Amino acid sequence: MPVQLGCDSLQRLYQHKCYEFDHALNAGVEDMFVLSKTKAHAYSLGLTRIKALVDMISLGYDVFYFDLHHIFFQNPLKYMYTQTTAPVVVSGTPASGCRPLAAGPDGRLPDDHHRLDILFIRSQPSSFRCLYNWLYWSTHTAHDVNDKPLDHHTFRNTMQECVSSLGTSVVNVGYLDPHAFPSDCATKCGCNNNAPVEPGPDGNCPKDVMPKWVGYLLGCSGSNPALDASMIKYQTMWAAWNATLGH
């Protein structure tokens, strides 16, 4: 609810459209860390997310979806439109670390392709077909609410079926470069040459790695206060680095 209200207030400034989530579904759920531990809510919210994506893609809008534990240093949409070409683009996983993920030549998706920390979808017939398959499979298959959250759990399988049935010339899946979109689950200062970069003696990240950052996933903070502290820490480092450039 606070996120919805925040979007509504920004709408007056940017004249965008806020997608109305089902408030009754999410009533009383104020903390995403609590939500992630409540499987029944996670299951229901997963379906709400998928339906929202299908609705927007069907109306001709490209969609940039991201979880709230991200901080962005550069415009991520500029990166998506200039550095990616796939109809569906997702982030890597913490397990992949600094290793860029890629589909095989036959369209075989990596086994750890299941995290949706960031999802960028270009609106076109093939991506709509794949999202619709995802929604259909999720609502027509028996699930237990003790499964993993539905959106992450089924995404890879439905995308693989879609790529395999339509062919890579029609639809393919791309992955974000962890050098531009690192994760604190795998590294503290991002990546360089496919290897994690460690903080310096003062606890700050080396200045030569910061220009690579577009966004940072702070998904391993563990609590809202820790997440807030991490966001402030990285933003302070970024601001200090930019100050040295006279920005």
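I started with burial: 41% of the 247 residues in the protein chain are buried (under 20% relative accessible area, with over 50% exposed and partly exposed in between; 1.4 Å probe, protein chains only). Note to self: this is a predicted model, where local features need pLDDT of at least 70, side-chain atom pairs count only at pLDDT 80 or more, and totals for chains, interfaces and linings use all residues. Numbering runs from 1 along each chain as its sequence is written, and side-chain values use heavy atoms, with hydrogens and water left out.

Next, the layout. I get eight helices and eight strands (DSSP runs: H or I of at least four residues, E of at least two, numbered from the N terminus).

Then the cores. The largest nonpolar core holds 24 residues, and L53, V90, L119, W134 and F155 have the most contacts inside it. Here a core is a set of buried Ala, Val, Leu, Ile, Met, Phe, Trp, Tyr and Cys residues joined through side-chain atoms within 4.5 Å. Helix 4 (39-58) and strand 1 (63-66) are among the elements that each supply at least two of its residues. Apart from it I found another core of 15 residues, including V197, M210, M237 and W238.

Those last two sent me to helix 8, where M237 and W238 are buried along with L227, S230, Y234, W241 and N242. Seen down the axis, the buried residues fall within an arc of 135° (directions from the helix axis to the C-beta atoms), so they line one face of helix 8. On the other side, P225, A243 and T244 are exposed.
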